[in-house]
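This report is written for a reader who is beginning to study protein structures. Please keep the sequence and the model at hand while reading.

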Amino acid sequence: MEKFKVWGPSRLIGEVPISGAKNAALPIFCASLLTSEPVKIFNVPDLKDVSTMFALLRKLGVEIEVDKRNKFCEIEAKALSSTEASYDLVKTMRASILVLGPLLAKHREAKVSLPGGCAIGQRPVDQHIKGLRLMGAEIIIENGYIKAKTKKLVGAKITSDVVTVTGTENLMMAACLAEGKTVIENAAQEPEIVDLANLLRSMGANISGDGTKKIEIIGQQTLKGASHKIIFDRIEAGTFSCAVAACGGDVFLNGASREPMKIILEKLRECGGEISEEKSGIRIKFFGRPSSVSFQTSPFPGFATDMQAQFMAVNSVAQGTAIIKESIFENRFMHVQEMLRLGAKISVKGNTSMVTGVDSLRGAKVMATDLRASAGLVISAMAAQGDSVIDRIYHLDRGYEKMDVKLNALGASVERIKN
Ligand code: UD1
């Protein structure tokens, strides 16, 4: 297993290119299943989750050409050889569930492994299933698989019991080829949902209301091929911003823009950051120790759970005490134990943690437990005095493109140790 060796403390100066958003790319690749024509996708991030999704789609018989140098891919789902997503792939990436809606809509059947729980929480998919059933799908759960079939999907009025990002995306994609009108209430409003809707519209779908709590879709007989550029990764941009907050420095996030990052930027300002939006990106400056910030995670436009660990890293070296409440996932404080090893002062009670900033952290050996927890640990290690080793960095590679290379270009000292 690969590790990062990090020498701290660092100060970050320069410019970092922000990649295409992982959470936009994955549903967009699956949307290609809705047409037999080629879909051309630009600004594709080079990530482990992206190659896992390509492997899954190829197993279904989808043809994919990838040009990594130009961050481009072309996906053609002309003739499928299978409509099954096996446990082996789904267990490594929960977003594999995103093939369910498109397969069912276009091919009238799908067999997708139940994702099961994961480190950060239970993560059921009952809302995906409920919505598809309302659209006329017959779904049974058998031997760990969701087995779905339909004669035809029909539009329905669906009110989601919880706000779910991939659930909203699955239903949106299915509704594009259903007969009649679908209304999704209590829909997720993330920018990645809007990006998916933009692609679907260029494929000929009739969607309105994306980015709000109520999305309306009028189903079409067929969809066509399209070209689309994936939006920037607001979580990657937020992660680099937190690194600047914890370490100090002046970094230009090339490709980022304010709107999708609004609350992240507000919190960074509260921490004492100087933030300016420029034509092609956002500049973040931190001089001196940051101030602590309290927050509670919630669905967009609230504070993203995917930024919680990184802001905890900032708070652990900030002036003051912060209260952090995690309201989306029940077990998303696993990085706390590891941050304690670096000398942080954090206590946890239920879904709330209290972080009192210390003058300085000290390097230590720590273990990454999930994608965003890893990012929090890298930030803490860069802010700490001395060297740290972060084990199980494969979690980080799932969702960050060459993070070590990007950080080193900003003046950090991060070495990837291959076993
Ligand atoms: C997506 C993101 C992930 C992010 C999360 C929350 C992708 C590929 N992943 O994950 O990075 O952390 O949103 O912003 O976009 N729930 C149910 N029933 C369901 C579905 C969800 O109870 O059928 C619950 C979950 O357990 C969780 C909450 O709803 O407590 C939100 O989960 P959801 O938005 O579905 O997360 P994902 O779409 O899996």
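The report below treats the ligand site, the cavities, a pocket, the strands and some features of the backbone. The model is a predicted one.

**The ligand and its surroundings**

The ligand is surrounded by 18 residues. The closest of these are Asp-126, Gln-127, Thr-166, Asp-306 and Ile-328. Sorted by class, the shell around the ligand holds eight nonpolar, six polar and four charged residues.

Oxygen atoms of the ligand lie close to N or O atoms of the protein, and the table lists three such pairs by residue.

| Residue | Part of the residue that supplies the N or O atom | Distance to an oxygen atom of the ligand |
|---|---|---|
| Pro-124 | backbone | 3.3 Å |
| Thr-166 | side chain | 2.6 Å |
| Ile-328 | backbone | 2.6 Å |

On its own, the ligand has 740 Å² of accessible area, and the protein covers 85% of this. Which elements give two or more residues to the shell around the ligand? They are α5, which spans residues 126-134, and α6, which spans residues 165-176. The most is given by α5, with three residues.

**Cavities inside the structure**

When the whole structure is searched, three cavities of 30 Å³ or more are found. The largest cavity has a volume of about 50 Å³. Its lining consists of Ala-21, Lys-22, Asn-23, Glu-192, Asp-233, Arg-234, Ile-235 and Arg-372. Two elements, α1 (22-31) and α8 (234-247), give two or more residues to the lining of the largest cavity. How is this lining divided by class? The lining of the largest cavity has five charged residues, two nonpolar residues and one polar residue.

The second largest cavity has a volume of about 40 Å³. Arg-234, Pro-260, Met-261, Lys-262, Ile-263, Ile-264, Phe-300, Gly-302 and Ala-304 form its lining. Arg-234 is thus named in the lining of the largest cavity and also in that of the second largest cavity. Helix α9, residues 262-270, gives the most to the lining of the second largest cavity, namely three residues. By class, this lining has six nonpolar residues, one polar residue and two charged residues.

**The second largest pocket and Arg-108**

The second largest pocket has a volume of about 280 Å³. There are 18 residues in its lining, and those nearest its centre are Arg-108, Leu-177, Gln-220, Gln-221 and Thr-222. The lining of this pocket comprises six nonpolar, seven polar and five charged residues.

Arg-108 also deserves attention for its backbone. Although Arg-108 is not a glycine, it has a positive phi of about 65 degrees. Where in the chain is Arg-108 found? Arg-108 lies in the loop between α4 (100-107) and β7.

**Strands and their pairing**

Strand β7 belongs to an open sheet of four strands, in which the order is β6-β7-β9-β8 and the pairing is mixed. At the edges of this sheet are β6 (84-85) and β8 (138-142), each of which pairs on one side only. Strand β6 pairs with β7 (residues 109-113) in the parallel sense, over two bridges. One of the residues concerned is Ala-85, whose bridge partner in β7 is Val-112.

A further pair is formed by β16 (residues 274-278) and β17 (residues 281-286). In what sense do strands β16 and β17 run? They run antiparallel, and five bridges join them. Glu-277 has Ile-282 as its bridge partner in β17. The connection from β16 to β17 is a hairpin through two residues.

**Cis peptide bonds**

Two peptide bonds that lead to a proline are described here. The bond from Gly-8 to Pro-9 is cis, with omega near 0 degrees. Pro-9 is located in the loop between β1 (3-8) and β2 (12-17).

The bond from Phe-300 to Pro-301 is also cis, with omega near 15 degrees. Pro-301 lies in the loop between β18 (295-296) and α10 (308-316). Phe-300, at the start of this peptide bond, is one of the residues that line the second largest cavity.

Notes: Residues are numbered from 1 along each chain as its sequence is written. This is a predicted model: local features need pLDDT of at least 70, side-chain atom pairs count only at pLDDT 80 or more; totals for chains, interfaces and linings use all residues. Side-chain values use heavy atoms; hydrogens and water are left out. A residue is near a molecule or strand if one of its heavy atoms lies within 4 Å of it. A polar contact is a pair of N or O atoms within 3.5 Å; within protein, one must be able to donate a hydrogen and the other to accept it, and residues adjacent in sequence count only if both atoms are side-chain atoms. Accessible areas come from the Shrake-Rupley method with a 1.4 Å probe; for residues, only the protein chains shown count as cover. Ala, Val, Leu, Ile, Met, Phe, Trp, Tyr, Cys and Pro count as nonpolar, Asp, Glu, Lys and Arg as charged, and the others, Gly among them, as polar. On a 1 Å grid over the protein atoms alone, a cavity is a set of points where a 1.4 Å probe fits but cannot get out, and a pocket is an open set with protein on both sides within 12 Å along at least five of seven lines; lining residues have an atom within 4 Å of a point. Grid points are joined across faces, edges and corners, and a volume is the space filled by probe spheres set on the points. Two strands pair if DSSP finds at least two bridges between them.
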